[in-house]
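I opened a new structure today and kept short notes. Here is what I looked up, in order.

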Amino acid sequence: MTALPRGETPGSPAADDDSVVADPSAAVPAPSSQDEGHDGGTGSTTADDAADAAETDGDESGTSGTDGAAEAGAGTGGTTDTDGTAAADDAVDPSAAAPAPLSEAESELAAQRELRERIEKRKAEKEGPIAAGAKLSGQAADLLAAVRAVESGEKPAAAFFDSPAPAAPRRTAPAPAPVRPRAPEQAPAPQGASPEAVAAVAAVLAEGGAPGALAGPVAEALGAQAADALREDPWQLMAVPGVRPEQADGFAQAVLGTECGPDDERRTAALVGWLLERAALQGHTALDATAVRAALAERSVTDPDSAVQHAVAEGVVLVFQDGQDDQESDAPAQPGEDAEGGAEDRAGQEPVQVLLGLDRYALAEESLADGLARLINACEKDADWTEPASAAGSPSAAELIRAVAAHGLVAHTGGEAARAEPAALITAARGLGLRALGAVHSVDGRRRLAEATGDASTAVTLAGLLSGAEGPGRDEEGAIAVDLLVVLDAPQLDVETAAILVESLADGTRLVLSGDPGVLGSAGAGRVFADVLAARACPQIVSRTPDPGPIGELVSGIGIGELNQVAAPGKEVVIVPVRDAGEAVHRTVQLVADSVPRAIGVPSADTQVITVGHGGSAGTRALNAALKQRLNPGPGRFGGFDPGDRVVHVPTPGRTVPGVVVSADAEGLHLDCAGTEIVVPQERVESSVRHGWALSAHQAAGMRWPAVVVVLPGDAAQGLSRPWVYTAFSRGERHLSVVHGVDQALQRAVAQSPAQDRTTRLRTLLEAPAG
């Protein structure tokens with residue numbers, strides 16, 4: 001096994017390039033080397049946290065006793081960015097204190113601002129609660145009085161239907177509005193709790209010494225009766241992402257006093273649910289009961305067995321004994337009877353693994369297994385695929401077409417070059433008159449699939465397909481109107497999304513799951529593609545089309561555990577050795593801003609930086625700060641952003657949408673995301689937008705760029721794994737630079753065989769005999 005070549009940077013780095021970052025350790029903010037959990041006093045989540053909430057490294061354990069980032073409900077989220085969200089009016093700097101008289105134009109602008117303020121004030125008053133009808137008059141006041149009379153029982157409801165309603169005055173038809181361009185999409189905002197509920201929760205939090213900033217998230221998580229629920233069971237505070245058990249313990253002690261203890265059933269039940277929620281952030285849909293009991297013992301629970309049984313009895317979690325051969329009783333399994341308990345005493349039988357899981361993931365996996373079985377059994381062979389298979393451009397494409405002709409569910413594996421085979425399948429199916437469509441996870445993936453098929457209508461994003469914003473829509477029965485659906489980048493498919501997708505397919509629809517099994521898994525819980533492959537529930541077509549070029553050769557070796565030396569005459573692969581994280585930041589900025597554009601011909605806008613995590617002295621935060629300073633310096637007038645900044649929008653945890661800042665105004669931050677304008681409201685900028693010159697490998701999965709710079713500082717060694725390296729190194733199309741500072745850790749990570757890093761039930765459900 002040979003190491004990667006220690007080459008030079010593309011081109012000759014300028015000797016005086018130190019002007020880029022004269023002193024990286026001083027010019028770039030240096031967060032802590034390891035990610036920090038949220039302080040319980042913060043009620044907001046940054047965009048890094050939203051993205052990290054679903055990022056899962058292969059070496060993470062869902063039952064670790066340490067309080068990592070996932071424990072805080074924010075994945076690898078670290079310290080919150082210090083850039084606060086500035087008011088939208090900061091985009092204009094009025095000189096109100098200037099003694100000079102205003103010009104006509106300035107007077108007009110001031111009048112417009114005043115008008116906008118009055119309009120916004122009226123809107124806020126309308127959206128707020130109406131106090132006892134004091135602001136109503138006329139017919140509206142009469143109507144309110146009538147409603148209250150019926151509710152109080154003073155008058156029957158029929159009394160108000162005897163008199164006919166007054167005829168509405170006729171209005172002249174308005175003139176037709178002129179045709180306007182399509183309005184920008186408004187980023188969806190979460191539905192908040194009522195002000196009354198938030199105020200009541202804030203009062204309870206104040207009693208326990210908890211920060212009032214948590215009132216909104218608590219009310220949203222626990223519902224309208226959140227205050228009563230929290231006073232009765234203070235440990236329900238752990239239902240809020242970012243709140244750790246020790247913080248909930250302190251709050252409960254303040255609220256309940258001496259009545260609470262470590263073995264309080266309310267505490268143990270909340271802890272069990274919290275452990276399962278944290279495990280879901282790391283990709284698990286279930287956990288071994290033994291591991292849960294061990295984690296409870298680390299939290300000072302003296303009787304973990306009873307705690308688990310109580311949580312099951314209360315319906316906090318479900319218990320499973322999948323794979324049990326003994327079906328003598330239909331009674332629910334007891335979590336105490338696992339590999340350490342009574343199941344081991346059964347003569348001639350293997351110990352049965354007892355799993356605990358949350359009902360949402362259990363239902364999703366069972367629904368998905370049933371749906372996949374339905375597609376397998378309902379396949380209709382009513383078309384002749386012989387001619388398309390014979391005309392396929394490669395043997396692998398022909399094999400895929402023949403498999404789809406005879407089966408309702410097919411799995412297809414391969415690298416980037418193998419995407420041509422699903423594209424050929426879609427084209428062939430359309431030639432037969434079938435409604436064929438390809439779904440991908442990113443706008444970039446949609447572009448690449450459309451280029452492969454030569455037809456933009458053949459490619460949609462999975463989110464757009466499920467929402468109805470893209471694709472053919474639904475038929476009269478509510479099913480997606482397709483005969484063949486190919487899901488590319490299938491490893492990025494989490495179990496809940498997969499269940500919704502399969503439930504949306506009609507009987508007889510053919511489904512192809514296609515992807516590269518070597519990349520990192522989905523952002524959400526589950527390992528759908530890996531479980532389908534492991535269960536062998538359907539035909540599996542392995543592409544024989546290798547990725548071309550030095551990058552393809554390098555990545556292919558990584559896939560089998562070898563970090564090979566590759567010939568790169570055109571500087572397709574370059575290794576840049578560094579001594580420390582400060583030098584890593586310096587060299588990364590140099591590569592993106594100067595060396596790669598000059599020597600490779602790829603502009604900075606098409607070069608993506610990928611690093612191991614968000615925290616640390618060479619994480620995404622530090623790298624983004626340095627890259628912004630060099631590529632788009634500015635004051636960051638709107639939440640730390642300026643027009644021209646490269647950003648990523650995280651509308652939901654685990655979903656990353658790259659874009660560029662266009663402008664900012666009272667509506668929010670305007671982004672251009674691959675030609676689609678998105679407006680992020682001001683209050684959501686901090687939680688859903690971050691700079692995007694540098695990403696983590698999880699965020700970069702499913703996307704490709706002409707050039708990629710992978711940064712491996714010395715403190716990143718523990719975060720490396722073969723899937724991580726495979727994913728990061730395979731994101732570049734023409735060029736890959738590796739800023740290397742981890743010595744032999746990279747080779748060890750590649751050589752180590754990746755183990756199943758997620759506990760799921762889908763494989764067992766797929767392998768179970770029908771009936």
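**Notebook: first pass**

I began with contacts between residues at least 6 apart in sequence: in the protein chain, 73% of them join residues at least 24 apart. I note that this is a predicted model. I then looked up the secondary structure and found 27 helices and 20 strands in the protein chain. I checked burial too: of the 771 residues, 47% count as buried.

**Cores**

Next I asked which residues have the most contacts inside the largest nonpolar core. They are V201, L205, L237, L296, L368, L485 and L511, in a core of 80 residues. Helix 9, residues 265-281, gives the largest share of this core, with 8 residues. I also found a second, separate core of 35 residues. Among its members are A700, V708, L712 and Y726.

I followed L511 further, leaving aside its neighbours within four places in sequence. L511 is in contact with L372 and L375. Its other contacts include G408, L409, V410, L485, V487, V502 and L505.

**Helix 12**

L372 and L375 took me to helix 12, where both are listed as buried. The helix covers residues 359-377, which makes 19 residues. I looked up its span: 27 Å from the first C-alpha to the last, close to the 27 Å expected at 1.5 Å a residue. Which residues of helix 12 are buried? I listed Y361, A362, A364, E365, L368, A369, G371, L372 and L375. L368 also appears among the residues with the most contacts inside the largest nonpolar core. A general point helps in reading such a list: an α-helix has 3.6 residues a turn, so residues three or four places apart point the same way.

**A loop glycine**

I then looked at G719. It sits in the loop between strand 19 (705-712) and helix 25 (722-729). Is G719 buried or exposed? It counts as buried because its relative accessibility is 15%, under the 20% cut-off. I also noted a partner far along the chain: G719 and V612 are 107 residues apart in sequence, yet their C-alpha atoms are 6.4 Å apart in space.

**Cysteines and rings**

I searched for disulfides and the structure holds 0. I looked up two cysteines anyway. C260 is buried, with a relative accessible area of 13%. C379 counts as buried as well, at 14% relative accessibility.

A search of the whole structure for aromatic pairs also gave 0. One ring did have a charge over it: R761 lies over the face of F320, at 3.7 Å from the ring centre.

Technical notes: Residues numbered from 1 in each chain as written. Predicted model: local features only at pLDDT ≥ 70, side-chain atom pairs only at ≥ 80, totals over all residues. Heavy atoms only, no water. Helix = DSSP H or I, 4+ residues; strand = E, 2+ residues; numbered from the N terminus. Expected span 1.5 Å × (residues − 1). Buried < 20%, exposed > 50% of the residue type's maximum accessible area, 1.4 Å probe, protein only. Disulfide = S-S within 2.5 Å. Phe/Tyr/Trp six-rings, centres within 6.5 Å; stacked < 30°, edge-to-face > 60°. Lys NZ or Arg CZ within 6 Å of the ring centre and 35° of its normal. Core = buried A, V, L, I, M, F, W, Y, C linked by side-chain atoms within 4.5 Å. Contact = heavy atoms within 4.5 Å.
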